Amino acid sequence: MENRHATHPDQVPGFDTDALRAHYLVPDLFAPGEIRTVHSHQDRVVLGGAVPGPGQVLELTAEPALRGEFFCERRELGVIALGGPGTVIADGTEHRLEHRDCLYVGAGTREVAFRGDGTRFYLVSAPAHAAHPTRVARHADTEPARLGAQVTANVRELRKYVHPAGIASDQLVMGVTELAEGSVWNTMPAHTHDRRTECYLYFDLPAEHRVLHLLGEPGETRHLVVGDEQAVISPSWSVHSGAGTHRYGFVWAMAGENQSFDDMDHVAVAELR
Ligand SMILES: O=C[C@H](O)[C@@H](O)CC(=O)C(=O)O
Ligand SMILES: [Zn+2]
């Protein structure tokens, strides 16, 4: 488990490209036959990737950094299957997920394991002090919010999976946003939410394309050049918005003080620097 310390916004202007990437970009979560995890001190979020090979069962364990008997002892977990289909086993129950389906695993679940054939399971976990039931939300059964317009190149569908009116959780709020063909911008006008950390994982982006992801305080932004199936950790003070050289989708996941999706501080486009 890689450990990432929290950063102060005053550090951002002093970071060069490598330092920005080292602190905020998670470029290599998915490796065949492995589970990889990154622990961030931003709201103690853990990001992970599990890629079981044919016939393989990968088990999520409590790594020493968590000082627990099992991974979900004091944590809840959101899983999104990418590329799918694949199966997540939670305390003996098998949950079959297709591309972009979500499984929420409640705190107290002892066994979490992954089976698939090249399926990339994306994991987001946060500390949890209450146990909520393990549940599936399917992409095909989730009514999307239709956002944006063609004139601003940001027509997109947003599906909320883990949220107060959907799958109940302790901290996690999680879903998937997908851009229409010809649209490239997400989350513009941008926003911050000082009560939550948010992580984006971009997907369905062709290998030769990139997303230019904006981060930093609204008045002092920097960018990361992000490839397919790479994640960005956005501290509470940071905007999180991007434009691709092609359409894409992204998994967004938040953890922190509240679960109110609309608790955002919007930033007008002309205020960004
Ligand atoms: O706080 C909410 C998050 O930034 C995302 O849900 C925004 C998003 O998916 C979008 O505008 O497309
Ligand atoms: Zn946000």
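This is a short tour of a predicted model, from the ligand shell out to the sheet and the core.

Before you click: residues are numbered from 1 along each chain as its sequence is written, and chains are lettered from A and ligands numbered from 1 in the order in which they are written. As this is a predicted model, local features need pLDDT of at least 70 and side-chain atom pairs count only at pLDDT 80 or more, while totals for chains, interfaces and linings use all residues.

**Stop 1: ligand 1**

Select ligand 1 and show what surrounds it: Arg156, Leu158, Thr177, Asn186, Thr187, His193, Glu198, His240, Trp252 and Met264. A residue makes this list if its C-beta atom, placed from the backbone, lies within 6 Å of the ligand. Colour the shell by type and you get three nonpolar, five polar and two charged residues. Here Ala, Val, Leu, Ile, Met, Phe, Trp, Tyr, Cys and Pro count as nonpolar, Asp, Glu, Lys and Arg as charged, and the others, Gly among them, as polar.

**Stop 2: the annotated site**

Now pick His191, His193, Glu198 and His240, where UniProt (unreviewed entry) places the feature "binding site". They are spread over 50 residues of sequence but cluster in space, with a largest C-alpha distance of 11.2 Å. UniProt positions use the numbering here, feature names are shortened, and annotations may be inferred rather than shown by experiment.

Zoom in on His191, in strand E17 (residues 191-192). Strands (E, at least two residues) are DSSP runs, numbered from the N terminus. Is His191 buried or exposed? It counts as partly exposed because 17 other C-beta atoms lie within 10 Å; the cut-offs are 20 or more for buried, 12 or fewer for exposed and partly exposed in between, with C-beta atoms placed from the backbone. Leaving aside neighbours within four places in sequence, His191 is in contact (C-beta atoms, placed from the backbone, within 7 Å) with Val239, Met264, Asp265, His266 and Val267.

Jump to Glu198, in strand E18 (residues 196-203). Glu198 is buried because it has 24 other C-beta atoms within 10 Å. Beyond four places in sequence, Glu198 touches Ser234, His240, Trp252, Ala253 and Met254.

**Stop 3: the sheet**

Follow E18 sideways into an open sheet of seven strands, with antiparallel pairing in the order E2-E21-E18-E23-E15-E14-E13. Strands pair if DSSP finds at least two bridges between them. At the edges sit E2 (25-26) and E13 (145-147), each pairing on one side only.

Select E23 (residues 249-256), which pairs with E18 over eight antiparallel bridges. Across that pairing, Glu198 stands opposite Met254 and Thr197 opposite Ala255. On to strand E15 (residues 173-179), joined to E23 by six antiparallel bridges, with Met174 as the bridge partner of Ala253.

In a regular strand the side chains alternate between the two faces of the sheet. Try that on E23: Gly249, Val251, Ala253 and Ala255 are on one side, Phe250, Trp252, Met254 and Gly256 are on the other, and all are buried.

**Stop 4: the core**

Which residues have the most contacts inside the largest nonpolar core? Leu47 and Cys199, in a core of 70 residues. Such a core is a set of buried Ala, Val, Leu, Ile, Met, Phe, Trp, Tyr and Cys residues joined through C-beta atoms within 7 Å. E23 gives the most to this core, with six residues. End on Cys199: outside its neighbours within four places in sequence, its contacts include Val45, Leu47, Val124 and Ala253.

How values were computed. Helix = DSSP H or I, 4+ residues; strand = E, 2+ residues; numbered from the N terminus. Contact = placed C-beta atoms within 7 Å.
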